[in-house]
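Okay, everyone, thanks for coming. I'd like to walk you through a structure that's new to most of us, so let's put it on the screen.

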Number of protein chains: 2
Amino acid sequence: MSDADSPRVAEIRSAALDLFTEHGYEATTMTDIGVRVGIRGPSLYKHVVSKQELLVDIMSGTMRALLTEHRRAVGGTDDPVERLRRAVEAHVRYHARNRREAFVGNRELRSLEEPHRGAILAQRTDYASSFQALVEKGVAAGRFRVSSPRLAAYAILDLGMGVAAWFREDGPSTENEVAWEYVEFAMRLVGAA
Amino acid sequence: MSDADSPRVAEIRSAALDLFTEHGYEATTMTDIGVRVGIRGPSLYKHVVSKQELLVDIMSGTMRALLTEHRRAVGGTDDPVERLRRAVEAHVRYHARNRREAFVGNRELRSLEEPHRGAILAQRTDYASSFQALVEKGVAAGRFRVSSPRLAAYAILDLGMGVAAWFREDGPSTENEVAWEYVEFAMRLVGAA
DNA sequence: ACCTCCAGCTAATGGGTATTAGCCACATGG
DNA sequence: CCATGTGGCTAATACCCATTAGCTGGAGGT
């Protein structure tokens with residue numbers, strides 16, 4: 001819900017994202033967010049309608065970006081193995097690159113009020129179903145060997161979410177290393193030839 | 001921190017665990033917990049010293065149980081492959097069987113005040129290191145093929161945590177199915193022969 | 001010069017929260 | 001049959017929080 005964000009609004013959203021990541025939505029106060037951008041809590045309302053709206057904007061923006069990258073990754077080829085490979089790479093890179101967003105997106109679903117919660121939940125279900133379908137296609141084509149495509153899809157998705165929890169830009173592994181290694185993990189996991 | 005829990009205290013802790021799982025620590029009030037056990041909020045203080053203590057007890061009890069099961073699982077054999085296999089099975093079963101505890105344990109670390117937070121964090125690091133060592137032993141013995149034992153260990157741990165997030169006793173997969181399938185995933189992931 | 005609006009401020013409002021104080025019914029055990 | 005402790009209760013305390021009201025200094029346009 002944002003037509004054309006003023007730079008100030010973007011700055012506020014970014015500060016909120018940092019704080020939501022670190023302390024959680026409930027434990028973050030408008031005063032905290034204000035301090036981060038150098039103004040008092042109530043002044044935030046000159047730019048933003050509510051704390052809840054900040055969370056909604058962060059989470060729906062995140063989800064939209066993830067789905068966009070997923071579709072772009074998967075759209076380039078018809079080969080089932082290559083499609084899953086690209087989907088996993090996009091998934092892992094997204095979670096490494098936007099780890100604060102992904103982290104909050106996973107953890108603060110319960111702080112989201114309806115109807116936003118339902119909407120985001122539905123998008124997440126779509127995303128998971130897409131992975132499951134990718135695995136099933138590979139199995140049907142005889143390229144993967146896995147007894148439960150559903151469990152394999154869950155496992156692959158959870159791998160990416162894990163990355164968002166521990167990845168650090170200045171940590172011991174680069175985004176590329178993690179992406180390549182995790183693609184390899186996923187391929188092994190589904191028993192790709 | 002509990003010598004001999006009266007049944008009432010256990011009941012309160014269980015109610016708190018349910019609510020922390022569902023709504024989070026910050027969003028759960030003492031009144032909510034009271035309602036679950038049929039008394040008023042302030043009456044809880046006849047059994048429990050504070051809300052924070054409830055969280056500490058839940059999280060440290062959970063961590064102790066996980067480490068105990070891990071040591072028991074790993075202690076029975078010297079074969080590196082079998083050791084990892086058993087560790088993964090214990091990890092997954094624990095997260096399926098105690099999913100509320102594991103879920104809260106993962107999500108509410110930030111609501112834990114020092115020094116408890118540091119203590120639990122240290123135990124988690126130990127647990128992760130133990131998995132990494134298991135993978136490294138397997139690699140050293142020529143039984144696993146994996147370029148980064150650290151990433152493999154993270155991946156395996158994240159798989160289990162994922163289980164705690166989506167597993168349901170009445171869902172489409174039994175604990176046994178999930179445990180066996182996830183052990184298989186982990187073995188494939190480390191390139192076991 | 002003046003008007004207007006923007007973006008800040010402080011003060012108030014209307015809640016909610018953990019925890020403590022102090023009271024009371026009742027079961028138990030001498 | 002009374003004394004005592006247990007485990008409830010309601011009321012009070014002492015916060016904290018999101019949000020709103022109303023004020024103000026100053027920048028830009030006219």
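Let's start where chains A and B touch: 24 residues of chain B are in contact with 24 residues of chain A. And keep in mind, please, that this is a predicted model. If you look at chain B's side of that contact, the elements giving two or more residues are α7, residues 149-166, and α8, residues 175-189. The largest share comes from α7(B), with eight residues. As for what kinds of residues chain B brings to chain A, we've got eleven nonpolar, seven polar and six charged.

Okay, now let's stay inside chain A for a bit. Helix α6, residues 116-140, packs against helix α7, residues 149-166, with the axes 8 Å apart and an angle of about 125 degrees. So α6(A) and α7(A) are oblique to each other, and the crossing is right-handed.

Who's actually meeting whom there? On the α6(A) side you'll find, among them, Phe131(A), Val135(A) and Val139(A), and on the α7(A) side, residues including Pro149(A), Ile156(A) and Leu157(A). By class, that contact has nine nonpolar residues, one polar and two charged.

Last stop, the DNA. Strand D has 15 residues around it, and the closest are Thr29(A), Pro42(A) and Ser50(A) from chain A, plus Arg40(B) and Ser43(B) from chain B. In chain A, α2 (30-37) and α3 (51-75) each supply at least two residues of the surface near strand D. That surface divides into five nonpolar, six polar and four charged residues.

Methods. Residues numbered from 1 in each chain as written. Chains lettered and ligands numbered in written order. Predicted model: local features only at pLDDT ≥ 70, side-chain atom pairs only at ≥ 80, totals over all residues. Axes fitted to C-alpha atoms, helices over the stretch in contact; angles between N-to-C directions. Helix = DSSP H or I, 4+ residues; strand = E, 2+ residues; numbered from the N terminus. Parallel < 35°, antiparallel > 145°, perpendicular 65-115°, else oblique. Left-handed = near helix turned anticlockwise from the far one by under 90°. Contact = placed C-beta atoms within 7 Å. Nonpolar A, V, L, I, M, F, W, Y, C, P; charged D, E, K, R; others polar. Near = placed C-beta within 6 Å.
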